[in-house]
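Welcome! Please have the sequence and the 3D view ready, and work through the exercises below at your own pace.

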Amino acid sequence: MELSERLLMSALLVERGSVVADVGCDHGFTSIWLVRQGICPRVLAMDVNPGPLQRAKEHIREAGLSAYIETRLSDGLSAMECADGKPEADTLLMAGIGGRLACRLMEDARDKLRGMRAVIVQPQSELSCVRGTLVELGYRITAEDMVKEGGKFYTAIRAENAAYAEDAAFPEKASREKGADPAEADGIPAVPDGLALSEKAWRAAGEEYGFYLILNRHPVLSEYLEEALRRNRAAREAILTGACRQAEDGLRERSRRRLDELDAEAGLAGKLKEWLKRETG
């Protein structure tokens with residue numbers, strides 16, 4: 001069984017020895033891969049939809065892994081037990097779900113996440129919201145990856161519970177994290193040399209594009225930034241075209257504010273793209 005590039009990217013962020021709650025498991029292929037590769041001794045394959053969950057159960061049975069992978073009908077982590085503050089799984093994996101939904105599921109599971117070690121999430125949208133929610137829940141982003149598959153960009157984020165950050169139970173962590181370690185006391189790395197950004201703009205860059213992706217000069221990031229700039233130009237043109245057809249003061253004021261936001265976003269993406277171009281030469 002071969003995983004798609006985006007699913008493989010997310011699965012490779014799972015630490016060996018982890019017990020994973022695969023939320024939104026769909027057909028169960030990632031759960032099966034994690035056990036077959038010897039990465040996870042046990043997986044909870046969870047989905048809110050009975051149809052996909054039944055197919056996952058069938059695939060798991062066909063793979064002969066029913067003793068290692070348990071399927072549960074669940075909205076997020078609602079069906080995962082947590083006895084005396086110790087959840088059944090130590091790692092939450094969510095791949096291929098909307099960013100707002102990912103944030104809601106994490107917030108709903110706030111109490112359970114306190115007792116878990118890691119969250120790995122590959123959101124389809126709203127990456128800045130996901131990153132912000134992770135930090136708000138007491139997690140620190142320690143690794144990110146990005147692929148382009150089928151003409152779309154996908155980002156996977158691994159965050160670790162700050163309470164377990166110094167735990168030696170996962171010795172492979174340090175060797176797996178790529179490049180320089182940007183995590184400082186406040187989780188915000190220093191602005192890299194040659195990148196002319198204020199502290200505020202640098203924080204915004206990390207929330208939107210990911211500190212690890214930037215500092216490690218991820219090869220897909222430049223193309224992603226170019227696409228962001230293209231969407232920015234299209235949004236700007238649409239606003240200017242619409243504003244020409246309207247005469248209402250309220251619309252003009254809203255349009256002006258949005259244009260200011262787009263200018264700031266384009267300026268940030270443009271500076272990052274130019275810096276990456278110089279650094280990778």
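## Exercise 1: A strand and its neighbours

In β9, the residue bridged to V119 is A159. Keep in mind throughout that this is a predicted model.

**Task.** Work out how β7 pairs with the strands β6 and β9, parallel or antiparallel.

*Solution.*

Step 1. Start with β9, residues 152–161: β7 pairs with this strand in the antiparallel sense, over four bridges. The pair V119 and A159 belongs here.

Step 2. Turn to β6, residues 91–97, which pairs with β7 in the parallel sense over six bridges. Two places to look are M94, whose bridge partner in β7 is V121, and I97, which stands opposite P123.

Step 3. A reminder helps here: strands of a sheet pair through backbone hydrogen bonds, in either a parallel or an antiparallel way.

**Task.** Find out how many residues of β7 are buried, and which way they point.

*Solution.*

Step 1. Buried means a relative accessible area under 20%. By that cut-off, six of the six residues in β7 (118–123) are buried, and the strand is mostly covered.

Step 2. Sort the residues by direction: A118, I120 and Q122 point one way, while V119, V121 and P123 point the other way. Both sets are buried.

## Exercise 2: The whole sheet

**Task.** Give the order of the strands in the open sheet, and name its edge strands.

*Solution.*

Step 1. The open sheet is formed by seven strands, in the order β3-β2-β1-β6-β7-β9-β8, with mixed pairing.

Step 2. The edges are β3 and β8 (139–149), each of which pairs on one side only.

Step 3. On average, neighbouring strands in this sheet are turned by 15° against each other, direction ignored.

Step 4. Now add a helix: α4 packs on the sheet and touches β1, β6 and β7. The direction of α4 makes about 155° with that of β6.

## Exercise 3: Two helix pairs

**Task.** Decide how α6 lies against α4 and against α8, using the crossing angles.

*Solution.*

Step 1. The axes of α4 (residues 99–108) and α6 (residues 127–136) come within 8 Å and cross at roughly 15°. Angles under 35 degrees count as roughly parallel, so α4 and α6 are roughly parallel to each other. The crossing is left-handed.

Step 2. Look at who meets whom: G99, R100, A102, C103, M106 and E107 of α4 meet C129, V130, T133 and L134 of α6. These contact residues divide into six nonpolar, two polar and two charged.

Step 3. For α6 and α8 (residues 199–209), the axes come within 7 Å and cross at roughly 105°. That angle makes α6 roughly perpendicular to α8.

Step 4. In this second contact, L127, S128 and R131 of α6 meet G206, E207, E208 and Y209 of α8. The contact residues here are two nonpolar, two polar and three charged.

## Exercise 4: An enclosed helix

**Task.** Explain why α2 is described as largely enclosed by the rest of the structure.

*Solution.*

Step 1. Helix α2 covers residues 29–36, and six of these eight residues are buried, so the helix is largely enclosed by the rest of the structure. The buried ones are T30, S31, I32, W33, L34 and V35.

Step 2. Ask what covers them: the surroundings include α1 (5–11), β1 (19–23), β2 (42–47), α3 (50–62), β3 (69–73) and β6.

Step 3. Take S31 as an example. Its relative accessible area is 0%. Leaving out residues up to four places away in sequence, S31 touches D22, C25, V43, A45 and I69.

Step 4. Just after α2, G38 takes a positive phi of about 75°.

## Exercise 5: Two loop residues

**Task.** D26 and R217 have a positive phi although neither is a glycine; where do they lie, and are they buried or partly exposed?

*Solution.*

Step 1. D26, with a phi of about 55°, lies in the loop between β1 and α2. D26 is partly exposed, with a relative accessible area of 40%.

Step 2. R217, with a phi of about 50°, is found in the loop between α9 (211–215) and α10 (221–245). R217 is partly exposed, at 33%.

Notes. Residues numbered from 1 in each chain as written. Predicted model: local features only at pLDDT ≥ 70, side-chain atom pairs only at ≥ 80, totals over all residues. Heavy atoms only, no water. Axes fitted to C-alpha atoms, helices over the stretch in contact; angles between N-to-C directions. Parallel < 35°, antiparallel > 145°, perpendicular 65-115°, else oblique. Left-handed = near helix turned anticlockwise from the far one by under 90°. Contact = heavy atoms within 4.5 Å. Nonpolar A, V, L, I, M, F, W, Y, C, P; charged D, E, K, R; others polar. Buried < 20%, exposed > 50% of the residue type's maximum accessible area, 1.4 Å probe, protein only. Pairing = 2+ DSSP bridges.
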